[in-house]
Amino acid sequence: MSAKKEKPVHSLIAGTIAGAIEAFVTYPTEFVKTRSQFGGQARESPIAILRTTLREKGVTGLYSGCSALVIGNSVKAGVRFVTYDHIKGMLADPDGKVSAPKSLLAGLGAGMMEAIMAVTPSETIKTKLIDDAKRPNPQYRGLVHGTMSIIRQDGFFGIYRGLFPVMMRQGCNSAVRFTTYTTLKQFVQGTARPGQQLPTGITFAIGAIAGLVTVYTTQPLDVIKTRMQSLDASKHYRNSFHCGYRIFTEEGLLRFWTGTTPRLARLIMSGGIVFTVYENVIKLIGERG
């Protein structure tokens, strides 16, 4: 993230582009992660899910629900960076530096906002499309038909199922990711490269580390979110707390870290891609402006 306060429109453009690219490139890992988190006795490993999907559906099967995530992720990233840059700008010191606690607060606010504006609807639709795709006779015929069917069956607020765990996850995600990224970036710029633009390779590496830290600290919230957005969630769980309680008592503590490997692969790549694309688009817009 740049030390100076970015213009909101620049943050929005750069964030939207970064989010769309990141979602498409990393989607197969998101598909595998989501499939592995569904309930039931027949639990498949990430490798087994990959093999089964490729054998039965082909490569396109790994992109079931992709449209929902790409659209949602581009909007999400735009909202996230606009909100984070705005709050960070208000909290930064005269030199543009942001302390870790202030970065945590800015990231938390950005995560909450993106959960309401973009993440919950897109994640709900994506999760239901993935859940439906594994059935012998899927009922949804793509993004538009699936979305209309969900709204028709559950009402408009049906696409906001799991809002609370999504807000908690996104708030924690952004708080941890931005704090890790900003702290590491300021450290590198302040020691090895004072006052200089970081090379793409270093930006990618810092973003990847931020993704790694984010996965292990927020995975339980991600598992609860996935369960609450599945097709049969209302039959099994009264709310997010009841869902978490049932997972803990019936499946054990380690079940909260199910899907860590594919999510780790995604967020390491995601962190590297999204921050690298964002920084470069901001630089490009600044040069042309």
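**Repeats, a helix crossing and a salt bridge**

In residues 198-284, helix makes up 80% of the span and strand 0%, and the C-alpha atoms at the two ends lie 14 Å apart. This description, like those that follow, comes from a predicted model. Residues 101-187 are likewise 80% helix and 0% strand, with end C-alpha atoms 15 Å apart. Both stretches appear in the UniProt record, an unreviewed entry, under the annotation "repeat: Solcar", which also covers residues 6-90.

A word on confidence helps in reading the model. The mean pLDDT of the protein is 85, and 94% of the residues reach at least 70. Among the elements, helix α9 (residues 240-251) has the highest mean, 92, while helix α10 (residues 260-288) has the lowest, 84.

Turning to how the helices pack, α1 (residues 8-37) and α4 (residues 100-133) have axes that come within 10 Å and cross at roughly 70°. Helix α1 is therefore roughly perpendicular to α4. On the α1 side, the contact is made by Y27, E30, F31, K33, T34 and R35; α4 contributes E123, K126, T127 and I130. By character, the residues of this contact comprise five charged, three nonpolar and two polar.

Charge pairing also deserves a look. Side chains of opposite charge can pair when their charged atoms come close. The structure holds 15 salt bridges, one of them between R135 and D232, whose closest N and O atoms are 3.9 Å apart. Because R135 sits in the loop between α4 and α5 (143-154) and D232 in the loop between α7 (200-228) and α8 (233-236), this pair ties together parts that are 97 residues apart in sequence.

Conventions:
Residues are numbered from 1 along each chain as its sequence is written. Side-chain values use heavy atoms; hydrogens and water are left out. Axes are lines fitted to C-alpha atoms, for helices over the stretch in contact, and angles run from 0 to 180 degrees between N-to-C directions. Helices (H or I, at least four residues) and strands (E, at least two) are DSSP runs, numbered from the N terminus. Angles under 35 degrees count as roughly parallel, over 145 as roughly antiparallel, 65 to 115 as roughly perpendicular and the rest as oblique. Contact means heavy atoms within 4.5 Å. Ala, Val, Leu, Ile, Met, Phe, Trp, Tyr, Cys and Pro count as nonpolar, Asp, Glu, Lys and Arg as charged, and the others, Gly among them, as polar. UniProt positions are given in the numbering used here, feature names are shortened, and annotations may be inferred rather than shown by experiment. pLDDT is the predictor's confidence in each residue, from 0 to 100. A salt bridge is a side-chain nitrogen of Lys or Arg within 4 Å of a carboxyl oxygen of Asp or Glu.
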